[in-house]
Amino acid sequence: MTNPTLDRRLFLAGLGASCIGLATPAIASSRPLIQVLKDPDCGCCGAWMAIMQQEGFDLEVQNASWDALSHYKETNGIPQDMVSCHTGVVNGYFIEGHVPAADIRRLLAERPDAVGLSVPGMPFGSPGMGPENEREAYAVYLIRKDGSTEVFNNYDAA
């Protein structure tokens, strides 16, 4: 005669092992996804994307004309004085331009009520724009939903 308690324990252990096995693909793909819209002729965008991949982000890339890209920025709350060469979206936040990975991770950890982050223009030494040890000073801005901005982080000249 079999012991029903032992069978129940084996069943529960097997069920637990199955749940862990099913969760493994989700754990393996837990890298944040940045969906990037960029001009197909922009080389610095590719350099920024390579850095983001090295920093632990997954990327999906779509090329768009400059007019389509500009319209996309405008309709998603990125003020004209905050624009750069590419726009990403990660977990509902817009990432405009050459924003460092550390600032994106901080944004995702803090979850402010905002549109996203921007590094306006293309400052030398920002990620994808030349060597960091020769960078010019620049700021990363938090774009609020009302269109206002505030400094999220500063990078001194190297």
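**Salt bridges and a buried threonine**

Let us start at the surface: Lys145 has a relative accessibility of 58% and therefore counts as exposed, because the exposed class begins over 50%. Please keep in mind as you look around that this is a predicted model.

Which residue does the side chain of Lys145 meet in a salt bridge? The partner is Asp113, with 3.0 Å from N to O. Lys145 sits in the loop between β6 (138-144) and β7 (149-155), while Asp113 sits in the loop between α4 (101-110) and β5 (114-119), so this salt bridge ties together parts that are 32 residues apart in sequence. Asp113 is exposed as well, because its relative accessible area is 53% and the exposed class covers values over 50%.

The pair you have just seen is one piece of a wider set, as the structure holds seven salt bridges in total. Another of them joins Asp58 to Arg31, and here the closest N and O atoms are 2.8 Å apart. This pair, too, links distant parts of the chain: Asp58 belongs to strand β2 (residues 58-63), Arg31 to the loop between α1 (4-28) and β1 (33-38), and 27 residues separate them. Are these two side chains buried, exposed or partly exposed? Asp58 has a relative accessibility of 29% and so counts as partly exposed. Arg31, at 35%, is likewise partly exposed, because that class lies between the buried limit of 20% and the exposed limit of 50%.

Now turn to Arg135 and Glu132, whose side chains meet in a salt bridge at 2.9 Å, N to O. The two partners fall into opposite classes. Arg135 is buried, because its relative accessibility is 16% and buried means under 20%. Glu132, in contrast, has a relative accessible area of 52% and is therefore exposed.

From here, let us move to Thr87, which you will find in strand β3 (residues 86-90). Why does Thr87 count as buried? Its relative accessibility is 0%, and values under 20% define the buried class. The side chain of Thr87 has a polar contact with that of Glu96, at a distance of 2.5 Å. Leaving aside residues up to four places away in sequence, Thr87 touches Gln35, Val36 and Leu37, then Leu69, Tyr72, Lys73 and Ile78, and finally Phe94, Ile95 and Glu96. Glu96 thus appears both in this list of neighbours and as the polar partner of Thr87.

Note on methods. Residues are numbered from 1 along each chain as its sequence is written. This is a predicted model: local features need pLDDT of at least 70, side-chain atom pairs count only at pLDDT 80 or more; totals for chains, interfaces and linings use all residues. Side-chain values use heavy atoms; hydrogens and water are left out. A salt bridge is a side-chain nitrogen of Lys or Arg within 4 Å of a carboxyl oxygen of Asp or Glu. Helices (H or I, at least four residues) and strands (E, at least two) are DSSP runs, numbered from the N terminus. Buried means under 20% relative accessible area, exposed over 50%, partly exposed in between (1.4 Å probe, protein chains only). A polar contact is a pair of N or O atoms within 3.5 Å; within protein, one must be able to donate a hydrogen and the other to accept it, and residues adjacent in sequence count only if both atoms are side-chain atoms. Contact means heavy atoms within 4.5 Å.
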